[in-house]
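I opened this entry to look up a sheet, the interfaces around it and the backbone exceptions. My notes follow in the order in which I looked.

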Amino acid sequence: MPTVQVSTMTPVAVMVGANRIVQAAGIIHPLGNADLAPEDEKALRRRIVEQALHALRTEVTRPTVFTTG
Amino acid sequence: MPRYTTAAMRLELRWSDVEEVAAAAATWLVGARLEVDLDALRALLAADARLGAVRLDLVHPGERVRIGRVFDVIAPRARLDGEDFPGVLGAVARAGDGRTLALAGVAVVATDQQTDNVGTLAVIDMAGPTAALSAFGSTHNLVISAWPAPGAGRSDYLAAVRLAALKAAVHLARAAGEREPDRVEVFALPPSPRVPAECAHLPRVAYVFQIHSHQRPTGLDEGILYGDPVRRMLPTIVHPNEVLDGAVLRGFMGRSVTTWAIQNHPVIRALYARHGRALWFAGVVVTVAQATEPERVRSAFLAAGLVAHALGADGAVLTKIGGGAPHVDMAQAAAQCEALGVKTTVVVEDMSTDGSAEGMLLFDLPGVDAMVNVGSSQEPLTLPPMDRVVGADDLVPRLQGQTRATYGTLCGAIEQVGATRVMAEVR
Amino acid sequence: MDARPLRVVCYVNQYFGTLGGEDRAGLGPQAMEGAVGSARAVQQALGEAGTVVATLACGDNYAAEQPERAVAELVRLVAAAGPDLVIAGPAFLAGRYGVACGALCAAVQAELKIPAVTGMHAENPGVELYRRQVHIVSTGGEAARMGDEARRLVALGLTLARGETPGAPAVEGYFPRGVTRNVVTAASAAERATAMLLDKLAGRPFASEVPRPAFPAVPAPRLVKTLEGATIALVTDGGLVPRGNPDGVEPLNATRYGAYSIEGKTGLDAAQYDNPHRGYDTSWVKQDPHRLVPVDVARELEQQGAIGKLHETVYSTVGVATTLAHSARMGREIADKLREAGVDAVILTST
């Protein structure tokens, strides 16, 4: 079952062998940012989740970090 | 040769050894006996509107006493040539140059009377085997218990408690007054590049000091570097004397580090001790552990750049603060140093919580292969029964008898900046 | 401590029990009175400190071909002899013998609560299999120095029998068990770090105090369906729990996780959730749980057809100071439940 880990601590995820890793927005709010307006924050969250879906359908053979550009 | 005029920093710690502390009608130091006017000191501390009642207790090494609800420990210091704890207690100004009074054998212990989450607070034992594990089991301790004034918020209260402890630390050190110190310790380091020819062969060594972790963002009053809450701090260079002389205070997340250890910084002392003989102490870079990936990466290469390019260091020691995640910030900075050819050692905590060596580390980065550890804070520890509990009236039933705890609960047993002699050994 | 001499049971194979060579490797477990064969070296090393009350023997093939049965039978024989300490081997480089020694010691400790020690060569497969559970003394490859090696086994065994903690592996001569223990050192961590750096700078050897982690590679399965036809589940280690924390998920060192329904929900109402996680400041995710578990946008993606279905159960635990063992177990359990429920892929959000 392919799994994507959305995490700020990407080096830890790589170390333990998570294969699909998406960079999160922060330790205290992995999928958000209280400094943004609510609609911008939700757009940020959507970008991260879409990136996670992209990672899920991408074939990988080793721990790979997908950044949210 | 042109004459350069940049001044070298020179800190004199003027130590008075204290062997006895007693309540008295006035605060002064008589021989090795520190007499403290507790009423006057209490009045001084209670003047803060954010605080309600203030209680002071004196506890002594060998007494069967457990101090509970420990928040932070401060070393008594008073500067003769500048502001005390500048930016937090005194006005913002440079520390680290000039004469500072210091008392050996005494510590100020601040307790936290507000939090319900007592699991995160620490204890100090004054007798028995657990006293021997911590520096504060063998100091005479002035314990401050201050309760919040009605309406004082959490951050206000903690800022007030810490300020009270700093005031008390200065008040006690001033008792040494004009008398001759028992010892004078001199910390003098010229501007980093000015290496005399006879020392030019020595490896240049820097220290990278992580002073806060933004796993827990700082409050507005949570001054850490010269009073700054280091919210957006990028790595920067400070003189080691500034750290020893009160420029850096611990934040309010008190996990396994005390301000006392920073004021007596063991890495800075170790590098000074070998300076000019086995190494050239190139300087200190202060950093914070970040809460987002871009900040963490940026901070890591900027810190490494300062170490390699500004300080021209050949080697660096790195320490971390806070919990698990800051290990990665430290290790990334170390890896960036290694990538620039700077050899590193890092000081880590054993993060395994079940004593398995496989779980000790939270990172594995190229070149970061020289690791020293400060033990496992999660390892169980039995606290022996005591006759009295100070600083935590509400916890007497839980704390006075034999208590199951962990090394991390015993304040001073594990000091992340490296003061500890506890080490996790792989067996 | 009473001064009664210790009762010791030894374990040997058919060869070291002088019962025969490879032709007798099929022998089943048996008990012999007193010290027999190589157990005599153990008795000699014990001296006045203890008596080998019985020597148990089992053929190598018997032990290797039906290990569970052999160990169970041997444990019964040990229990019947009622010892204070079990000393197995030393097995040197003998593989079947070494594995049997390790298995018996582990079982004796676990089931009878009797301390046990064995010895073998570093390349004996018994070392890798049992060093985490059993103190295994490092020996040579052959029995040439049996007397000396029996003395080292006995010394470590006596320490364990007294209920004391042995010293460091390098000092006591056993294989590191991969467990950590706090000890007090002469020099502070800062002093040691500085000394280690000077060694590293000078190109001298240095001994890091922490082993580098060695996590095995995990296979990366492919998504077999298209996203538009797939069921996606949300899992978090960031501590989301319903208010009241009904499953009692611990604030750190978690051993529990919760399964929370999001059926019919287009989002998470902050008032209904809490967060006990003690590894980060949870104010922000309590204010808006979507900052941790993105139910809102996942539901939108479901409604827009970008994913087939959002799985109606969110699994949540607290990932701070959680042991590797519990993390792996919880991961396995959650994965099993998701698989049973027909989930195709998982988004795991971490702090």
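I began with the open sheet of chain C, in which six strands stand in the order 2-3-1-4-5-6 with mixed pairing. Two strands count as paired if DSSP finds at least two bridges between them. Helices (H or I, at least four residues) and strands (E, at least two) are DSSP runs, numbered from the N terminus. The model is predicted, so I note the limits: local features need pLDDT of at least 70, side-chain atom pairs count only at pLDDT 80 or more, and totals for chains, interfaces and linings use all residues. Residues are numbered from 1 along each chain as its sequence is written, chains are lettered from A and ligands numbered from 1 in the order in which they are written, and side-chain values use heavy atoms, with hydrogens and water left out.

Which strands stand at the edges of this sheet? I found strand 2 (30–33) and strand 6 (135–138) of chain C there; each has a single partner strand, so one side of each is left without a neighbour in the sheet. On average, neighbouring strands of the sheet are turned by 25 degrees against each other, direction ignored. Axes here are lines fitted to C-alpha atoms, for helices over the stretch in contact, and angles run from 0 to 180 degrees between N-to-C directions.

I then took one pair from the sheet. Strand 4 (residues 85–88) and strand 5 (residues 116–120) of chain C are parallel and share three bridges. In this pair A88(C) is opposite T118(C) of strand 5.

Next I looked up what packs on the sheet. Helix 3 (residues 67–81) of chain C touches strand 1 (6–13), strand 2, strand 3 (50–58) and strand 4, and its direction makes about 160 degrees with that of strand 3. Helix 6 (residues 146–161) of chain C touches strand 1, strand 4, strand 5 and strand 6, at about 160 degrees to the direction of strand 5. Contact means heavy atoms within 4.5 Å.

After strand 4 I checked the loop that leads to helix 4 (95–112) of chain C, where P90(C) lies. The peptide bond between G89(C) and P90(C) is cis, with omega about 5 degrees. I also noted R69(B), which is not a glycine but has a positive phi of about 55 degrees. R69(B) belongs to strand 6 (residues 65–74) of chain B. For reference, most residues other than glycine have a negative phi, and most peptide bonds are trans.

I turned to the interface of chain A and chain C. There 34 residues of chain A contact 38 residues of chain C. About 3,200 Å² is buried, 65% of it from carbon and sulfur atoms. Buried area is the accessible area (1.4 Å probe) that two parts lose on being put together, summed over both. On the side of chain A, M1(A), I28(A) and R46(A) lose the most area to chain C, together 21% of what that side buries.

How many salt bridges cross between chain A and chain C? The rule (a side-chain nitrogen of Lys or Arg within 4 Å of a carboxyl oxygen of Asp or Glu) finds six. I looked at R45(A) with D296(C), whose closest N and O atoms are 2.8 Å apart. Helix 2 (38–57) of chain A is one of the elements on the side that touches chain C, and helix 2 gives the most to that side, with 10 residues.

Strand 1 of chain A also pairs with strand 14 (residues 345–349) of chain C, parallel, over four bridges. In strand 14, L348(C) is the residue opposite Q5(A).

Last came the interface of chain B and chain C, where 64 residues of chain B contact 51 residues of chain C. The buried area is about 4,700 Å², with 58% from carbon and sulfur atoms. R421(B), M423(B) and R427(B) supply 19% of what chain B buries against chain C, more than any other three residues.

The rule finds five salt bridges here; I looked at R274(B) with E191(C), at 3.1 Å, N to O. Strand 22 (422–426) is among the elements of chain B that touch chain C. Strand 22 of chain B runs antiparallel to strand 7 (residues 180–184) of chain C, joined by five bridges, with E425(B) opposite R181(C).
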